[in-house]
Amino acid sequence: MTPDQHLAKAERIANSLAKLTTADYELVIEAAMLAGTHWFNAAAHRHGITSSDDDVMHVEYLPRALRVKISLIAPGLTELVEEIEQFRPIFVKGNVADGEAAAKRCGELLDHLRDRARTAQRPPGLATYNISTKGLAYRAE
Amino acid sequence: MRIAAHIEKWERFDRFRSRFDPIEDFELWYWSMMSGGTAIINAALHASGQTNANELFATQIPDVYAVVDGPGQWHHEIGVRCDLIHVGLPVIDIDPGSALVKAYEAMHELERYRDPYVRGEGIVTAEVVARCDSSYSEIVKAARAAIAEGPR
């Protein structure tokens, strides 16, 4: 998906998320993962780190080489989504109580991710490659 | 997770679903059904003795589970025949005579709409909504039947 498509999709999900409260923490966390990942992808595409035909589904699946590149070009970007993803096993898939604080934190993380997606820019001269465990593929954009 | 906890999760996701307009809020309406449907299928799998109820919580990595150590603390462990992340993840053999077969089929149908319409740019139509709604009803009906059926 293109950066603009990711931005539009993330805003749609954020609008629906407004119908929930922190007491609904399971779906707040899931919605944050979905919207946050769209904003992450928009930022990564705009930075030229990933191409629009190479969306990330979950940052925990990122190969180390891609993590290194993101950490240098967009420090802290991966960690914003990662923090949301870390809430899922215990509060969504598991039944640890008091997920309200996690849901509140998700709102803060989404605000940061939205800002990062809107302001991301490609460093001059940077080339885009799809990076996977199978190797590299140049992507002219 | 335990059967009662899965059922409680399903009930919560089912209530969340009712807050949304199926077209305007398709992504979260859909996600409520997928998450709730998976929860009640996990309850049914445990009730029918096909997977184990325990305190291992699913992660996004098949067969890798989160085990809570204390407030805010948890670690990973390998688990086999525990909670599913999605139907088919991990792959397990289902008793072909179980009511769960229909729940599995309906969930596979529901999951067909996930990537095109939640992660992708598919345009949600009334037909898409009707198919998702029908699949979800079938999941709940079949999973409840499997729970009532008990151990096989």
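**Figure 1. B:Arg81 sits in the loop that runs between S3 and H3 of chain B.** Welcome to this predicted model; our first stop is a backbone detail. The phi angle of B:Arg81 is near 55 degrees, which is a positive value in a residue other than glycine. For context, most residues other than glycine have a negative phi. B:Arg81 has a relative accessible area of 33%, so the residue is classed as partly exposed.

**Figure 2. A cis peptide bond links B:Leu89 to B:Pro90.** If you check omega here, you will find a value of about -5 degrees. Most peptide bonds are trans. B:Pro90 belongs to the loop between strand S3 (73-78) and helix H3 (100-111) of chain B, and B:Arg81 lies in the loop between S3 and H3 as well.

**Figure 3. B:Asp63 has a positive phi in the loop between S1 and S2 of chain B.** The angle is near 75 degrees, and the residue is not a glycine. Is B:Asp63 buried or partly exposed? Its relative accessibility is 30%, and because buried means under 20%, B:Asp63 counts as partly exposed.

**Figure 4. B:Thr38 is a residue of helix H2 of chain B.** With a relative accessibility of 8%, B:Thr38 falls under the 20% limit and therefore counts as buried. Where does the side chain of B:Thr38 reach? It comes to 2.7 Å from the backbone oxygen of B:Met34. In an α-helix there are 3.6 residues a turn, so residues three or four places apart point the same way. Leaving aside residues up to four places away in sequence, B:Thr38 touches B:Leu84, B:Ile85, B:His86 and B:Met107.

**Figure 5. Helix H2 of chain A covers residues 25-47.** Here is a quick geometry check for you. The helix has 23 residues, and at 1.5 Å a residue they should span 33 Å. The C-alpha atoms at the two ends are 31 Å apart, which agrees with that expectation. Of the 23 residues of H2(A), 22 are buried, so this helix is largely enclosed by the rest of the structure. After H2(A) comes A:Gly48, with a positive phi near 80 degrees.

**Figure 6. Chain B meets chain A through 34 residues on its own side and 33 on the other.** The area buried between the two chains is about 3,000 Å², and carbon and sulfur atoms give 55% of that. Which residues of chain B lose the most area to chain A? They are B:Leu28, B:Gln60 and B:Arg119, which together account for 23% of what that side buries.

**Figure 7. A salt bridge joins B:Glu27 to A:Arg12 across the chains.** The closest N and O atoms of this pair are 2.8 Å apart. Six salt bridges are found across the interface of chain B and chain A. There are also 20 residue pairs in polar contact between the two chains, counting pairs with both residues at pLDDT 80 or more. On the side of chain B that touches chain A, at least two residues each come from helix H1 (3-17), helix H2 (26-47), strand S1 (57-58), strand S2 (64-70) and helix H4 (114-119). H2(B) gives the most, with six residues. Sorted by class, that side of chain B holds 18 nonpolar, five polar and eleven charged residues.

Terms used
Residues are numbered from 1 along each chain as its sequence is written. Chains are lettered from A and ligands numbered from 1 in the order in which they are written. This is a predicted model: local features need pLDDT of at least 70, side-chain atom pairs count only at pLDDT 80 or more; totals for chains, interfaces and linings use all residues. Side-chain values use heavy atoms; hydrogens and water are left out. Contact means heavy atoms within 4.5 Å. Buried area is the accessible area (1.4 Å probe) that two parts lose on being put together, summed over both. A salt bridge is a side-chain nitrogen of Lys or Arg within 4 Å of a carboxyl oxygen of Asp or Glu. A polar contact is a pair of N or O atoms within 3.5 Å; within protein, one must be able to donate a hydrogen and the other to accept it, and residues adjacent in sequence count only if both atoms are side-chain atoms. Helices (H or I, at least four residues) and strands (E, at least two) are DSSP runs, numbered from the N terminus. Ala, Val, Leu, Ile, Met, Phe, Trp, Tyr, Cys and Pro count as nonpolar, Asp, Glu, Lys and Arg as charged, and the others, Gly among them, as polar. Buried means under 20% relative accessible area, exposed over 50%, partly exposed in between (1.4 Å probe, protein chains only). The expected span of a helix is 1.5 Å times one less than its number of residues.
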